[in-house]
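Dear colleague,

Please find below the structure that I am handing over to you, together with its sequence. My notes on what was found in it follow.

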Amino acid sequence: MGDTIFGKILRKEIPAEILYEDEHSIVFQDIHPQAPTHLLIIPRKPIANLAEAQDDDRFLLGHLLWVAKQIADQLGLQDYRVVTNNGAGAGQTVFHLHLHLLGGRPLQWPPG
Ligand code: 5GP
């Protein structure tokens with residue numbers, strides 16, 4: 001997979017408001033927040049999207065969801081959404097796997 005803007009954030013080549021880091025993942029503020037809380041949870045491993053994840057990524061995928069829960073708990077969020085856009089037709093614009101964590105306002109369903 002080619003480099004992306006998130007690769008540059010991971011390597012600290014461009015700034016981001018980073019809230020959390022561990023050996024497998026980092027969490028930072030979305031630059032165009034769609035809710036009062038809008039964070040991106042990304043793996044350090046460059047996987048383009050969920051469809052490109054392999055069998056041996058299954059623990060990493062679980063870890064990302066676990067991180068989302070930890071951050072939501074720390075922020076005191078009770079109602080929130082965790083979503084990943086897989087493919088351009090689903091709204092994916094950055095091809096480095098990421099979970100969006102959205103909260104702090106009522107969230108409608110279904111999304112557009
Ligand atoms: P996607 O559309 O791929 O699901 O989500 C990509 C997200 O990355 C968007 O919500 C967009 O606002 C965010 N984003 C794009 N470029 C940057 C950037 O340079 N810095 C940060 N912090 N977020 C970005």
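**The ligand and its surroundings**

The ligand is surrounded by 16 residues, and the closest of them are Asp30, Asn85, Gly91, Thr93 and His100. Please keep in mind throughout that this is a predicted model. The space that the ligand takes up is the largest pocket.

As to secondary structure, helix 1 (5-10) and strand 2 (25-29) each contribute at least two residues to the shell around the ligand. Helix 1 contributes the most, with 3 residues.

Several polar atoms of the protein face polar atoms of the ligand, and three such pairs are listed here:

- Asn85: an N or O atom of its side chain is 2.8 Å from an oxygen atom of the ligand.
- Gly91: a polar backbone atom is 2.8 Å from an oxygen atom of the ligand.
- Ile31: a backbone N or O atom lies 3.3 Å from a nitrogen atom of the ligand.

On its own, the ligand has 510 Å² of accessible area, of which the protein covers 84%.

**Tyr80**

Tyr80 belongs to strand 4, which spans residues 80-83. Is this residue buried, exposed or partly exposed? Its relative accessible area is 32%, and because this value falls between the cut-offs of 20% and 50%, Tyr80 counts as partly exposed.

Leaving aside residues up to four places away in sequence, Tyr80 touches Lys69, Ala72, Leu101, Leu102, Gly103 and Leu107. Between Tyr80 and Asp22 there are 22 Å in space, C-alpha to C-alpha, and the two are 58 residues apart in sequence.

**Two points of backbone geometry**

Most residues other than glycine have a negative phi, and most peptide bonds are trans. Two places in this model depart from those patterns, and you may wish to view them in the structure above.

The first concerns Lys12, a residue other than glycine whose phi is positive, near 65°. Lys12 is located in the loop that runs between helix 1 and strand 1 (18-21). With a relative accessible area of 48%, Lys12 is partly exposed, since exposed would require over 50%.

The second concerns the peptide bond that leads from Trp109 to Pro110: this bond is cis, with omega near 5°. Pro110 itself lies in the segment that follows strand 5 (99-103).

With kind regards

Conventions. Residues are numbered from 1 along each chain as its sequence is written. This is a predicted model: local features need pLDDT of at least 70, side-chain atom pairs count only at pLDDT 80 or more; totals for chains, interfaces and linings use all residues. Side-chain values use heavy atoms; hydrogens and water are left out. Helices (H or I, at least four residues) and strands (E, at least two) are DSSP runs, numbered from the N terminus. Buried means under 20% relative accessible area, exposed over 50%, partly exposed in between (1.4 Å probe, protein chains only). Contact means heavy atoms within 4.5 Å. A residue is near a molecule or strand if one of its heavy atoms lies within 4 Å of it. A polar contact is a pair of N or O atoms within 3.5 Å; within protein, one must be able to donate a hydrogen and the other to accept it, and residues adjacent in sequence count only if both atoms are side-chain atoms. Accessible areas come from the Shrake-Rupley method with a 1.4 Å probe; for residues, only the protein chains shown count as cover. On a 1 Å grid over the protein atoms alone, a cavity is a set of points where a 1.4 Å probe fits but cannot get out, and a pocket is an open set with protein on both sides within 12 Å along at least five of seven lines; lining residues have an atom within 4 Å of a point. A molecule sits in a cavity or pocket if more than half of its atoms lie within 2 Å of its grid points.
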